[in-house]
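Work through these exercises with the structure open. Try each task before reading its solution.

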Amino acid sequence: MEGVSVRKIKKICVFYGANSGKDVAFVNAAFHLGEVLGKRKIDLVYGGGKLGLMGCVSTAVAQYERKVLGIIPSAFTVNNLVGETCGKEIKVATMQERLVMMMELSDAFIALPGDFGTLEELFQMISWAQLNIHNKPIGVLNINGFFNGLLSFADHAVKQEFITPRARKILISATTADELVDKLQAFRFEPDPVLSKLKWSPSSSQKEKLDLTLRL
């Protein structure tokens, strides 16, 4: 990426489903993403457990002796519902608390194929970036065209003038893990001139803390 400034990414949060999907390509791509993160010395933040694709990525990252942090609601740990977390585990009370902690502890975000929960996490991060709550890159790993419909919808929403071209740039996509991480590192955040004026309860004495509970 000659001539392109590269942002320093030390920890990436990965969103994915608790299922492995119909095609073995999803599992293979998840393992490969973990290997790419490990080889690039990037630590993993994820939702904890080891079911489905979440176990594939976390296991692969751990094999390269990188740090793995699972942030999981306590409700999911009852009766070992999602399996044992690979690496360190932090238990939280709510889904919202989990997502805020993921945002604060990560330098970038990647979504793999998943269910409604995965899409919720992805869109929440995109929305928070649009609102200038964070300026971290967000991408989807488009395995076997899984996200084609989503990307087409985003482009359609731009044409219909519901999403601005500036906001559309927040969502990055790539078909390979290496390409996606490269794009995340090269991402340049373009804040909305109006929304960038919003203030999100900054603390003058500590690192900025975000009060999102009642505002979103």
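The exercises below go from the whole chain to two helix pairs in this predicted model.

**Exercise 1.** State how many helices and strands the protein chain has, and what share of its residues is buried.

Solution. Start with the elements: there are 8 helices and 7 strands in the protein chain. Next, take burial: 45% of the 216 residues are buried. Then turn to the surface: the chain exposes about 11600 Å², with 53% supplied by carbon and sulfur atoms.

**Exercise 2.** Classify the packing of helix H4 against helix H5 by the angle between their axes.

Solution. Locate H4 at residues 95-105 and H5 at residues 116-130. Their axes come within 11 Å and cross at roughly 55°. Roughly parallel needs an angle under 35 degrees, and roughly perpendicular runs from 65 to 115. H4 is therefore oblique to H5. The handedness of this crossing is right-handed. Now list the contact: Gln 96, Arg 98, Leu 99, Val 100 and Met 103 of H4 meet Glu 121, Gln 124, Met 125 and Trp 128 of H5. By class, these residues are 5 nonpolar, 2 polar and 2 charged.

**Exercise 3.** Do the same for helix H1 and helix H8: find the angle and the distance between their axes.

Solution. H1 covers residues 24-39 and H8 covers residues 177-186. The angle is about 50°, and the axes lie 9 Å apart. H1 is therefore oblique to H8. H1 crosses H8 in a right-handed sense. H1 contributes His 32, Leu 33, Val 36 and Leu 37 to the contact, and H8 contributes Ala 177, Asp 178 and Val 181. The class count is 5 nonpolar, 1 polar and 1 charged.

Definitions and conventions: Residues are numbered from 1 along each chain as its sequence is written. This is a predicted model: local features need pLDDT of at least 70, side-chain atom pairs count only at pLDDT 80 or more; totals for chains, interfaces and linings use all residues. Side-chain values use heavy atoms; hydrogens and water are left out. Helices (H or I, at least four residues) and strands (E, at least two) are DSSP runs, numbered from the N terminus. Buried means under 20% relative accessible area, exposed over 50%, partly exposed in between (1.4 Å probe, protein chains only). Accessible areas come from the Shrake-Rupley method with a 1.4 Å probe; for residues, only the protein chains shown count as cover. Axes are lines fitted to C-alpha atoms, for helices over the stretch in contact, and angles run from 0 to 180 degrees between N-to-C directions. Angles under 35 degrees count as roughly parallel, over 145 as roughly antiparallel, 65 to 115 as roughly perpendicular and the rest as oblique. A crossing is left-handed if the near helix is turned anticlockwise from the far one by less than a right angle, and right-handed if clockwise. Contact means heavy atoms within 4.5 Å. Ala, Val, Leu, Ile, Met, Phe, Trp, Tyr, Cys and Pro count as nonpolar, Asp, Glu, Lys and Arg as charged, and the others, Gly among them, as polar.
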